[in-house]
Amino acid sequence: AGLTGRPNVDWCEDHKVETIRGNVIGVLMLCDVAHGLGIHVTNFATGCIYAYDDEHVIGGKPFTEEDLPNFGGSFYSETKSYLENMVRQYPNVLQLRLRMPIDGDLSNPRNFITKIANYAKVVDIPNSMTVLDELVPMAVDGALRGLTGAYNWTNPGAISHNEVLQLYKDHLHPEFSWDNFTLEEQALVIKAPHSNNTLSHDKLRAAFPGVLGIKESIIKYVLEPNKAAGTRADFKAGTQVRSGQVK
């Protein structure tokens, strides 16, 4: 629930009142009214409230559901951190922290694979990500079971941007290629820093032991169905693809 902005979270930097209204006030009002009526709420939230730090380095200790948010570099994440600290007080809420959502519809411009396949350059940092085709049905099941509290709703493990694009290339688009740039170079073309982190999957796997690791889930739910259908990522108007290069 809430606002991520269009075309991306940079929108929130210039629309702060609307972002507060959607990401904090609206969600809290819903949770509060539902609590008064004894109604369970499943809130699709975000895990973009953390960033790698000295205690949580790449490849090291992941962030758990009990860790307090440590990232407010973007106004989007700042509002989500406010909400996280408040909504955890409501015993009727299942707070699901999604990240970089991926789905089987490669024509969807919000699909993380399609989104980064359209970028001229990408950073290459391991992150927790969510395969919607697998985890949304689990969210419905969790709601029906009356689960509450915060859950890191990302597939186990972390995967980098390059690894995602390599899987896409290997399974669907052999001639596709891409370029990387650094966080410092990225900072020159975005309005606010973006969150990069790895989330613990222990609580999710305890509730849903069969959940697949991120690479296995992408292959099963996204790449294999699209390969069978002969579909690839859509490229937005103005994007030129020549010899696999996206400009």
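Here are some friendly notes on the sheet and on helix 8 of this predicted model.

1. Let me start with the sheet. It is open, has 3 strands in the order 1-2-4, and its pairing is parallel. Strand 1 and strand 4 are the edge strands, each with a single partner, so one side of each has no neighbour in the sheet. From one strand to the next the twist averages 25°.

2. Now for the pairing of strand 1 with strand 2. Strand 1 (residues 41-46) runs parallel to strand 2, and the two are joined over 6 bridges. If you would like landmarks to check on screen, Thr42 stands opposite Leu94, and Phe44 has Leu96 as its bridge partner. The chain gets from strand 1 to strand 2 by way of helix 2 (residues 75-87), in a β-α-β crossover that is right-handed.

3. On the other side of the pairing list is strand 4 (residues 149-152), which pairs with strand 2 in the parallel sense over 4 bridges. A handy landmark here is Arg97, which stands opposite Asn152 of strand 4.

4. Strand 2 itself (residues 93-98) deserves a look: 6 of its 6 residues are buried. In a regular strand, side chains alternate between the two faces of the sheet. Here Val93, Gln95 and Arg97 point one way, while Leu94, Leu96 and Leu98 point the other way, and all are buried. Do note that Gln95 and Arg97 are among these buried residues.

5. Helix 2 is worth viewing together with the sheet. This helix lies across strand 1, strand 2 and strand 4, and runs at about 150° to strand 2.

6. Turning to helix 8 (residues 214-229), its length works out nicely: at 1.5 Å a residue, its 16 residues should span 22 Å, and the end C-alpha atoms are 22 Å apart, which agrees. Helix 8 also has a kink of about 35° at Leu223, shortly before the proline Pro225. After the helix comes Gly230, with a positive phi near 70°.

7. Which residues of helix 8 are buried? They are Ile214, Ser217, Ile218, Val222, Leu223 and Asn226. An α-helix has 3.6 residues a turn, so residues three or four places apart point the same way. The buried residues of helix 8 pack against helix 3 (112-117), helix 4 (132-144) and helix 5 (161-171). Leu223, then, is both a buried residue and the site of the kink.

Key:
Residues numbered from 1 in each chain as written. Predicted model: local features only at pLDDT ≥ 70, side-chain atom pairs only at ≥ 80, totals over all residues. Heavy atoms only, no water. Expected span 1.5 Å × (residues − 1). Bend = angle between axes of the 7 residues up to and from the residue. Buried < 20%, exposed > 50% of the residue type's maximum accessible area, 1.4 Å probe, protein only. Contact = heavy atoms within 4.5 Å. Pairing = 2+ DSSP bridges. Right-handed = clockwise from strand over helix to strand, strands pointing away. Axes fitted to C-alpha atoms, helices over the stretch in contact; angles between N-to-C directions.
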